[in-house]
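User: Hi! I have a structure open here and would like to walk through it with you. Could you help me get my bearings?
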Amino acid sequence: MQLPHTADAIQAAPGITVRQVAPSFAAEVAGVPIHGDVGEAQLDTLVDLLHRFRVLIVPEIAVTPGDLVAFSRRLGPLEIHSNIENTLRDHREVFCVGNVQRDGMKASFSTGVEQWHADSSFREVPSDVSLFYGEIVPPEGAQTMFADATAAYDALDDATKARIDGLRAVHSLETLHEWSLPFNPGRAPFSAEKRAMWPPISQDLVRTHPVTGAKSLYLCPSVISHIEGMDRAASQVLIAELMAHTDAPRFVYSHAWRRGDLVIWDNRAVLHTASLFDASRYQRLMYRTTVEGNSVGARAA
Ligand code: OGA
Ligand code: MN
């Protein structure tokens, strides 16, 4: 499905319309009742659209955390975040992001550390898909930005592709921790227990999507400690060069949230990052569910 991003909505299946919102990817989808019983055919259509567009926006729906979990589970088993205090007491699969604290939950809040990434890259099998729901959204700021790492790979010249194909990058939660320390001065050190639980994991720098076969750039500048066979400085130069190519405006879609928006993205094909908001003036509460690795691909295979 090749649509110019100015295209009107088109019918993807009976009752389901899509409208592409960025030049190479990202589409708004209407007509899928996330809070209701999504039929198998509708789910197949949605998964197919996710593979084609990589980011799907389902605008302004009203779902409860329970609805979100039930729907997300249709895509595969869900991860439980390692920081249990950031999850909902009644729904541990829901990871909360923002500056709200209630009912024994403290949303994960960080500022100044926003960096491009795909979720759970430090897990041996990283997440396939994330779903992100705007429960409380500030009236300005706090956009979530997506970079089309698939189109960005395609646009590389052949010499660069040849230079990077086959490289392995080492992803580490400890690297992320060190990276974020200057922004969170009081933070507890990375414990021996965490180190044992989250050892560094190497991932392909150019990853191949298991369903579409498309290659994409797997860049997580604050999580990658180095590229195997390269020293840290040379690794950082290469990652920065590829990142500067990938976050060019032609590959980026920035989502300005309305309350009740649900955005679903394919971690195997895009990168994302947060932007700042004035946390002294506004509240933000986002619910994220995270589908474990291999499940969407396995389902569609
Ligand atoms: C996430 C994330 C971006 C944002 O929750 O995985 O990267 O806009 N969030 O908060
Ligand atoms: Mn994320």
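Analyst: Happy to! One term before we start: a polar contact is a pair of N or O atoms within 3.5 Å. Please also keep in mind that this is a predicted model.

User: Thanks. So how far is an oxygen atom of ligand 1 from an N or O atom in the side chain of arginine 288?
Analyst: That distance is 2.7 Å, so the pair falls within the 3.5 Å cut-off for a polar contact.

User: Nice. What about the histidines, 117 and 272, and ligand 1?
Analyst: Histidine 117 has a polar side-chain atom 3.1 Å from an oxygen atom of ligand 1. For histidine 272, a side-chain N or O atom is 3.0 Å from an oxygen atom of the ligand.

User: Which residues surround ligand 1 overall?
Analyst: Around ligand 1 you will find Val97, His117, Asp119, Phe132, Thr144, His272, Ala274, Arg284 and Arg288.

User: Let's move to the metal. Which protein donors does the manganese ion (ligand 2) have?
Analyst: The donors are His117 through NE2, Asp119 through OD and His272 through NE2, lying 2.1 Å from the ion. His117, Asp119 and His272 also appear in the surroundings of ligand 1.

User: How are those donor residues spaced in sequence?
Analyst: The pattern is H-x1-D-x152-H.

User: And is aspartate 119 buried or exposed?
Analyst: Aspartate 119 counts as buried because its relative accessibility is 3%, and the cut-off for buried is under 20%. Histidine 117 has a relative accessible area of 23%, so histidine 117 is partly exposed.

User: Changing topic: how many cavities of 30 Å³ or more does a search of the whole structure find?
Analyst: The search finds 2 of them. The largest has a volume of about 50 Å³, and the second largest comes to about 40 Å³.

User: What lines the largest cavity?
Analyst: Its lining is made up of Glu79, Ile80, His81, Thr87, Arg92, Glu93, Val94, Phe95, Arg288 and Thr290. Two elements give two or more residues each: strand 6 (91-98) and strand 19 (285-291). Strand 6 gives the most, with 4 residues. Notice Arg288 in that lining; arginine 288 is also the residue whose side chain has an N or O atom 2.7 Å from an oxygen atom of ligand 1.

User: How does that lining of the largest cavity divide by class?
Analyst: It has 3 nonpolar, 3 polar and 4 charged residues.

User: And what about the lining of the second largest cavity?
Analyst: That one is lined by Pro221, Ile224, Ser225, His226, Ser235, Gln236 and Ile239. Strand 15 (224-227) and helix 7 (232-246) each supply at least two of these residues. By class, the lining has 3 nonpolar and 4 polar residues, with no charged ones.

User: One last topic, the backbone. Which phi does aspartate 103 have?
Analyst: Aspartate 103 has a positive phi of about 50°, although it is not a glycine. Most residues other than glycine have a negative phi. You can find aspartate 103 in the loop between strand 7 (101-102) and strand 8 (105-106).

User: What about alanine 142?
Analyst: Alanine 142 has a positive phi too, of about 60°, and is not a glycine either. It is in the loop between strand 9 (129-136) and strand 10 (144-147).

User: Are these two buried or exposed?
Analyst: Aspartate 103 counts as exposed because its relative accessibility is 58%, and exposed means over 50%. Alanine 142 has a relative accessible area of 2%, so alanine 142 is buried.

Methods:
Residues are numbered from 1 along each chain as its sequence is written. Chains are lettered from A and ligands numbered from 1 in the order in which they are written. This is a predicted model: local features need pLDDT of at least 70, side-chain atom pairs count only at pLDDT 80 or more; totals for chains, interfaces and linings use all residues. Side-chain values use heavy atoms; hydrogens and water are left out. On a 1 Å grid over the protein atoms alone, a cavity is a set of points where a 1.4 Å probe fits but cannot get out, and a pocket is an open set with protein on both sides within 12 Å along at least five of seven lines; lining residues have an atom within 4 Å of a point. Grid points are joined across faces, edges and corners, and a volume is the space filled by probe spheres set on the points. Ala, Val, Leu, Ile, Met, Phe, Trp, Tyr, Cys and Pro count as nonpolar, Asp, Glu, Lys and Arg as charged, and the others, Gly among them, as polar. Donors are N, O and S atoms within 2.8 Å of the metal (3.2 Å for Na, K and Ca); water is not among the atoms, so sites may look incomplete. Buried means under 20% relative accessible area, exposed over 50%, partly exposed in between (1.4 Å probe, protein chains only). A residue is near a molecule or strand if one of its heavy atoms lies within 4 Å of it. A polar contact is a pair of N or O atoms within 3.5 Å; within protein, one must be able to donate a hydrogen and the other to accept it, and residues adjacent in sequence count only if both atoms are side-chain atoms.
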